[in-house]
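Please open the structure in a viewer and keep the selection tool at hand. The stops below proceed from one annotated segment to the contact between two chains.

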Amino acid sequence: MTRAPGALRASGGHGAALALVGLADPVARLALPAVLAGAVDAALADRLDAAALTPVVIVLVLATACEIGREILETRSRLRAALVLRRRMLRHLFALGLTGQRRWETGDLLSRTLEATSGAATTAPVLVGLCASLATSLGGLVALFVIDPRLGLLFLVGAPVMWWLLRWLLTRVRRATTDYQRLLELLSTRFVDALRGVRTIRASGTTGREVERVLAPLPRLRASGHEFWAAQRRAGWQTGLVMPVIQVVVLAVAGHGVMTGRVTPGELLAVQSYLGRAMGLLSQTAALARLARARASTERVRDVLAAPPPPAGDRTLPAGPGSLSLRGVHVSRAGRPVLTGIDMDVPGGATVAIVGASGAGKTTLTEVAGGLVPPDAGTVLLDGVPLGALRRDELRRAVAYAFEHPRFLGRTVRDALAYADEPPDGLQRIDAALRDSAAAGIVARMPRGLRTRLNRLRLSGGELQRLGLARAAWRDARLVVLDDATSSTDTATEAEINAALDRAMAGVTRLIVAHRAATAARADLVAWIDAGTLRALAPHERLLDDPAYRAAFRAPAAPSPGAAHGAPAAAGTGRTR
Amino acid sequence: MTTALAPRGRRKGPRRRPANRPKTGRHLARLLLAEPRHRGALARLAAWSALGAVPVLLSGQLVAVALDRGFLAGDGLFGLAVLGGYGATLLLGALATRQAFVPMAGLVESVRDQLLRGTVHGSLHAAVASGRTPDTGAVSRITSQSERVRQLLSALLLSLSTTAFAAGAAVAGLLGLAPVLALITLPVVASTAALLVPLSRRWRTRYEASLTMEELVAEETGRTLDGMRDIVACAATRRAEDDLDGVLSDHAASGAAVATVSGMRVGVIALAARVPLLALLLSAPALLAGGTFSTGELLGAATYLVSGLEPALRALVQSIGNLGLELGTLVSRLAAHGGTPAPATAAAAGATAPGHDVLLAGVTFRYGPHSQPVLSAADLAIPDGDHVTLVGPSGVGKSTLADVLAGLTLPEAGEVRLGGVDLRTLDRAWLRRTVALVPQEAYVFAGTLRENLAYLAPDADTARLDRAVDALGIGAFVRGLGGYDAHVAGPGALSQGQRQLITLARVYLSPARIVILDEATCHVDPETEARIENAFARRDGTLVVIAHRISSALRARRVVILQDGRLEAARHEDLLRRSPAYADLVGHWHGAG
């Protein structure tokens with residue numbers, strides 16, 4: 001991984017063009033009052049000729065061009081940088097795979113991929129804007145000094161008072177918002193709670209009462225809002241008092257200058273403009289805050305880009321039966337060991353049931369065995385090749401997964417089932433996979449069969465699981481991992497699926513996370529996981545004598561018929577609207 | 001939070017504005033103008049803002065007078081006095097702006113209240129009508145969006161009223177000082193406006209397209225990250241990357257298209273502010289020579305153009321263009337959540353049923369016109385006081401049947417009768433009190449335990465709560481929480497099983513005569529489940545249990561199996577003999593250990 005290139009560079013050519021505009025803009029803005037003053041004085045002296053007017057026209061055109069250019073280039077460079085950063089981020093996230101998902105919550109990753117990139121992308125426009133406005137403000141101040149040093153000194157006396165006042169007022173207003181935010185949060189929480197309990201509310205016929213409960217904080221929210229506006233009003237009023245004073249005093253000094261001939265009438269006009277420019281110094285803190293936010297966003301992006309992806313090599317797999325070996329595999333999560341010292345050899349073509357209490361490390365074992373997550377220590381070998389030495393695509397082709405809660409991507413059901421970099425040609429393999437997963441009937445019940453759009457689906461947890469199995473079943477994998485992939489199907493359907501998969505996957509090595517004794521009994525071997533260690537790897541019958549082994553099956557109640565209704569987890573998997 | 005994301009098709013090229021998105025301005029206008037209160041506040045805001053523009057109106061005139069009769073005439077004191085007068089008008093302007101805050105704050109707070117009320121009411125009713133939890137991420141954004149509306153609206157109202165009057169005042173002051181300049185200024189301002197209208201329209205179209213793209217980007221990225229494990233496991237990272245890259249590029253292109261129009265708009269405004277200035281300079285020698293203008297008047301006119309008109313025009317377009325459009329878009333989006341859908345079931349008033357026997361006759365139900373029916377001409381009779389357990393393979397539609405029994409879902413054919421009366425003709429409120437359905441996901445709201453327990457029986461006293469808690473055997477749990485007046489916080493404070501206990505006790509206390517437990521005990525252990533089911537069986541009325549464990553079937557008087565859209569009811573032993581599907585189900589259940 002090379003050092004993550006900065007957000008500045010990501011804005012590319014647009015950023016460079018923007019920097020040029022940022023140089024020209026202060027020049028135009030500072031020159032404009034001066035050339036105007038020159039022209040006005042020339043007109044007053046009745047010698048307004050081309051020599052006095054040409055600079056005005058040139059500066060006006062330049063200023064207009066800078067404004068147009070800035071408007072366009074700021075947006076374009078921001079969009080360009082965001083696009084570059086998002087692409088880089090996503091490519092890296094795909095390389096990280098589950099490692100990234102383990103380290104950051106999905107919501108956090110989403111916000112880093114979208115919001116942080118777009119925040120980081122503002123670096124170039126904010127920096128250019130800051131420099132340009134700083135140059136303009138300082139230039140304005142210098143111009144005041146040049147026209148009449150008294151004007152400059154006056155500004156230097158008034159500005160700090162103004163700045164201090166603004167800051168003081170800002171903190172007071174900020175305090176008023178905290179209370180408001182808390183009440184808004186309360187209302188929001190109640191709202192989400194009620195939405196989660198919508199089936200209960202519906203069955204109880206209490207919608208009206210729930211609306212009132214959610215909205216109960218509203219009067220307090222309104223009162224707090226009014227307090228906020230009152231604070232704002234005071235703030236605005238007090239700054240409103242200081243500004244006119246500075247303005248009038250500066251005008252009076254300039255007017256006096258006109259009287260004594262120190263200042264020309266044209267310069268009096270310029271003084272008003274330069275005073276406005278110099279006042280810009282007071283709003284630099286806001287720009288600095290924006291820059292700080294952009295830098296914080298950049299850090300959030302960089303954090304992810306700096307995470308090392310799991311190792312990958314360039315080896316390919318030799319022909320083989322799919323024998324799997326784990327050597328001294330150790331995995332920890334958040335500093336806590338999840339798997340410790342796992343050594344296990346699975347002969348090619350064998351079916352291994354992974355058995356253990358919930359939280360024993362079964363799922364982690366399947367993730368490590370199939371190369372979704374690299375072990376923190378130890379090696380996993382597939383047909384003698386360490387997974388970390390394999391080309392990434394080679395590894396992913398060799399192993400297929402079906403999950404307890406599959407997530408589907410793509411447009412249609414067919415697209416979701418064939419979802420892969422190298423999808424199967426034709427429908428035969430998918431049709432067969434659907435039959436082997438007892439899912440053909442599910443597709444038949446859909447409004448448009450395989451062409452049904454994913455967002456039109458209403459499926460139960462068990463049905464989703466069977467489609468997830470079908471998605472894995474058409475692949476030419478030499479290792480298939482079924483992680484609780486039939487837990488939400490009833491036992492009769494599970495038996496049907498198992499029989500079909502036995503036929504379809506003859507000779508393929510299978511790891512099956514199992515909660516039911518029947519599944520363990522049918523497997524060639526049982527890997528009994530207990531508190532992160534491999535307690536035994538043996539046939540079911542041999543282990544049955546151990547009461548601790550039998551207890552592993554009794555703990556959770558039989559089928560949990562799954563997220564049949566509105567479980568939030570299932571919402572993203574295709575059951576929507 | 002990630003959002004639950006509905007997949008969308010991948011299309012090439014920039015997306016057009018969806019046909020169903022309403023014109024952005026309409027909802028905003030309705031929100032602001034529908035209430036007489038709001039109209040009054042707007043009028044007061046305008047009045048104070050007009051007063052606030054007085055300094056701009058006088059600025060050029062006063063500069064002219066201060067120069068001509070003061071500083072240039074050698075009378076410095078007079079010049080200072082005039083400037084002092086100008087300072088006084090500035091203070092007056094600041095005072096007026098301060099007062100403008102009052103109607104603005106009232107208006108903004110009222111609009112926020114109205115939005116929150118409307119959207120909470122609308123989305124909760126819509127969710128209840130559909131019976132499913134919507135994408136809570138998207139819906140909960142409602143509160144933050146209402147807040148954004150509040151901020152945008154306040155900024156828009158303040159800047160719009162201030163700058164509109166300031167621009168008007170600058171033009172008016174200029175005309176008062178030098179009517180000749182009107183010949184140039186007015187046509188320029190008019191043609192600028194004529195140019196800005198189509199430009200702004202195009203800007204809005206492009207901006208809305210870019211917003212749509214932004215939503216799509218968020219949706220697709222969320223879906224991709226949510227599905228990362230599956231994408232990697234499916235060896236589909238290139239596919240997913242390509243899909244997403246298309247959306248991201250389209251988004252950047254749509255934003256760049258907005259910027260182009262913005263740039264054009266900036267140019268037009270610069271022109272409007274600067275052409276009159278050039279014209280003033282060009283005509284200055286003639287005006288001065290002809291005696292039309294004094295030196296002070298020339299400077300005063302320039303002051304109007306440089307410090308009055310230009311900044312005001314710039315701010316005006318900025319606020320209408322950016323703030324107004326974002327605001328309009330947000331309000332339209334919120335309005336989409338605000339509508340109250342018509343009740344799905346006709347709410348005939350009045351009728352109550354004379355008895356409580358439940359009868360399903362020839363009931364057919366399916367999700368879509370082409371999908372296989374969940375219920376197909378199904379018949380079932382549940383006499384008052386019966387205790388039945390409903391079983392069936394997963395995904396067969398047991399929860400749908402529960403909804404149909406409770407009158408929450410209407411069958412497409414056939415009838416459900418309660419005490420001989422068609423459910424559709426019964427009084428809704430009475431029906432909801434009489435039939436209680438307890439779903440798998442327990443709803444416990446932030447409040448005291450007592451509030452939660454007495455939710456359906458508001459008049460229940462402590463003695464009645466005690467009896468229910470004793471009957472269900474959850475006394476230890478209640479004491480562990482800290483008694484009835486303990487505060488049960490939002491989600492996370494209680495385990496799933498504990499939440500289920502609370503909802504079960506709530507329904508036990510309710511006046512419901514028919515109780516349907518839809519896997520309502522799936523998170524409690526088998527012994528507790530047995531105790532609870534037995535308590536409900538002893539309670540007056542009918543009990544329908546949708547089985548989570550086969551043991552529920554053994555406890556029931558009768559077992560109903562749902563298979564291929566048909567219902568078959570019998571005693572456990574008889575059903576074992578009669579229904580191979582049931583035998584299979586029980587066998588596997590036992591086989592599973």
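The tour below concerns a predicted model.

**First stop: the annotated segment.** Select residues 27–294 of chain A, where an unreviewed UniProt entry places the feature "domain: ABC transmembrane type-1". With a secondary-structure colouring, this selection appears as 91% helix and 0% strand. Mark the C-alpha atoms at the two ends of the segment; they lie 26 Å apart.

**Second stop: the interface.** Next, display chain A together with chain B and select the residues in contact: 149 in chain B and 142 in chain A. Between them the two chains bury about 13,800 Å², of which 66% is on carbon and sulfur atoms. On the chain B side, highlight Arg132(B), Arg229(B) and Tyr443(B), the residues that lose the most area to chain A; together they account for 6% of what that side buries.

**Third stop: charged and polar pairs.** How many salt bridges are there between chain B and chain A? The count is 11. To inspect a salt bridge, centre the view on Arg471(A) and Asp230(B), whose closest N and O atoms are 2.5 Å apart. Polar contacts across this interface comprise 30 residue pairs, with both residues at pLDDT 80 or more.

**Final stop: the chain B face.** Select helix H4 of chain B, residues 76–130, which gives the most to the side touching chain A, with 31 residues. Then colour that whole side of chain B by residue class: 74 residues are nonpolar, 45 polar and 30 charged.

Note on methods. Residues numbered from 1 in each chain as written. Chains lettered and ligands numbered in written order. Predicted model: local features only at pLDDT ≥ 70, side-chain atom pairs only at ≥ 80, totals over all residues. Heavy atoms only, no water. UniProt positions renumbered as here; feature names shortened; annotations may be inferred. Helix = DSSP H or I, 4+ residues; strand = E, 2+ residues; numbered from the N terminus. Contact = heavy atoms within 4.5 Å. Buried area = accessible area lost by both parts, 1.4 Å probe. Salt bridge = Lys/Arg side-chain N within 4 Å of Asp/Glu carboxyl O. Polar contact = N/O pair within 3.5 Å; in protein donor to acceptor, adjacent residues only side chain to side chain. Nonpolar A, V, L, I, M, F, W, Y, C, P; charged D, E, K, R; others polar.
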